[in-house]
Amino acid sequence: MKPPRLLAILLAGFGMLAGMLVATPAYAASLEPVSSFGSNPGGLTMHAYVPDGLPDDAPVVIALHGCTQDAAGYHAGSGWQKYADAWGIALIYPQQAAVNNLNRCFNWFEPGDQARDRGEPASIMQMLDYAVDNYGVNPSRAYVTGLSAGGAMSAIMLATYPDRFAGGSIIGGIPYKCATQMIGAFSCMNPGQDRTPQAWGDLVRAAHPHTGERPKVAIWHGDADYTVAYNNSRESMEQWTNVAGIAGTPSETVNLPTGTTLEKFGSDEVRRYTVSGMGHGVPVAPGSAEDQCGTGGAYFLDTICSSYHDAIHFGLDRTAQPRP
């Protein structure tokens, strides 16, 4: 027996509504390519994720993939989308091209890509300027993070543009200007270069004559990383504590989940995270809890959510005021 016409219409309407409730995501934004953002001297491509209803003066995070990766994969795996949606953060993903580097690594070891207003760093800054002009983000709330070659490029951005970034994280990365040619890059990766804190710091100070406040820096490394040796974690810590003018011994040590040790230096200007037993990759922790994020896979290792801890460190959870 067919239902009366009015009942049928109501049932159909409820069915459509139920389908909308299930199928419609909380945030309709998606990762989008940006075809034109400047002169692009580094030959990179730009992808952006801008949550719907992005608040005025929102922060922006530039996330740099590792070798063999791309923007879409890094967006899907790193967990940053969760906090972009929850806390109103714009995300920018520069992407390397195979024509620039066969393995799609950012060229952190090339002199032309290690200096302010040149090569890949200049392209990345043009992406930041585009975000400021088109998405309304606060230029004083810009942050940079990256894995491996992307982590090394993150260090380059913090060294060459300390006036443009409020903070950044270096994940499985290399100290700034460890190498200035490809052949030297391999020894930087493993076993790593041992220099004095002063020598490391001098390289950063020579990158830009900055006299103001330095960006906060977080350093992440697995102690079982055999691609980029764990020694680089210590050398990076020495570089950035020396630049900040603080002691290279921790002011506080905190034990976090999954065997992760956090060392804070000075007044928390520099952090060093050691993830016990972790190899080469971004620490993620799939799950629905606030401090869980990301998707496990190649170079996304199920340990602890680094994106959550970086977001909290940088004050992106809407509890901190922008840096003056």
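**Close-up views of a predicted model**

**View 1. H208, a buried histidine in a loop.** H208 is buried, because its relative accessible area is 16%, below the 20% cut-off for that class. This model is a predicted one, so please keep that in mind for every view here. To find H208, look in the loop between helix 7 and strand 7, the strand that spans residues 216–222. What is H208 in contact with, once its neighbours within four places in sequence are left aside? The partners are R116, A159, T160, P162, D163 and R214. One of these, T160, is 48 residues away from H208 along the chain, yet their C-alpha atoms are separated by 5.6 Å.

**View 2. Helix 7 packing on helix 8.** Two packed helices are described by the angle between their axes and the distance between the axes. Here, helix 7 (residues 197–207) and helix 8 (residues 231–244) meet at an angle of about 65 degrees, and their axes lie 8 Å apart. The crossing of helix 7 with helix 8 is right-handed. From helix 7, the contact draws on P197, Q198, W200, G201, L203, V204 and R205; helix 8 contributes E235, E238, Q239, W240, N242 and V243. Sorted by class, the residues of this contact are six nonpolar, four polar and three charged.

**View 3. The largest pocket.** Rolling a probe the size of a water molecule over the atoms shows where empty space is left. In this model, the largest pocket holds about 430 Å³ of space. Its lining is made up of 23 residues, and those closest to the pocket centre are C67, N103, C105, A149 and M189. Which elements give two or more residues to this lining? They are helix 5 (149–160) and helix 6 (182–189). Helix 6 supplies the largest share, with four residues. As for chemistry, the lining has 15 nonpolar residues, eight polar ones and no charged ones.

**View 4. The whole chain, for orientation.** To place the close-ups, it helps to step back to the chain, which has nine helices and 12 strands. Of its 324 residues, 51% count as buried, and H208 from the opening view is buried too. Among contacts in the chain with a separation of 6 or more, 68% are between residues 24 or more positions apart. The pair H208 and T160, at 48 residues apart along the chain, is a handy example of a long separation to look for on screen.

Notes:
Residues numbered from 1 in each chain as written. Predicted model: local features only at pLDDT ≥ 70, side-chain atom pairs only at ≥ 80, totals over all residues. Heavy atoms only, no water. 1 Å grid on protein atoms, 1.4 Å probe; cavity = no way out; pocket = protein on both sides within 12 Å on 5 of 7 lines; lining within 4 Å. Points joined across faces, edges and corners; volume = space filled by probe spheres on them. Nonpolar A, V, L, I, M, F, W, Y, C, P; charged D, E, K, R; others polar. Axes fitted to C-alpha atoms, helices over the stretch in contact; angles between N-to-C directions. Left-handed = near helix turned anticlockwise from the far one by under 90°. Contact = heavy atoms within 4.5 Å. Buried < 20%, exposed > 50% of the residue type's maximum accessible area, 1.4 Å probe, protein only.
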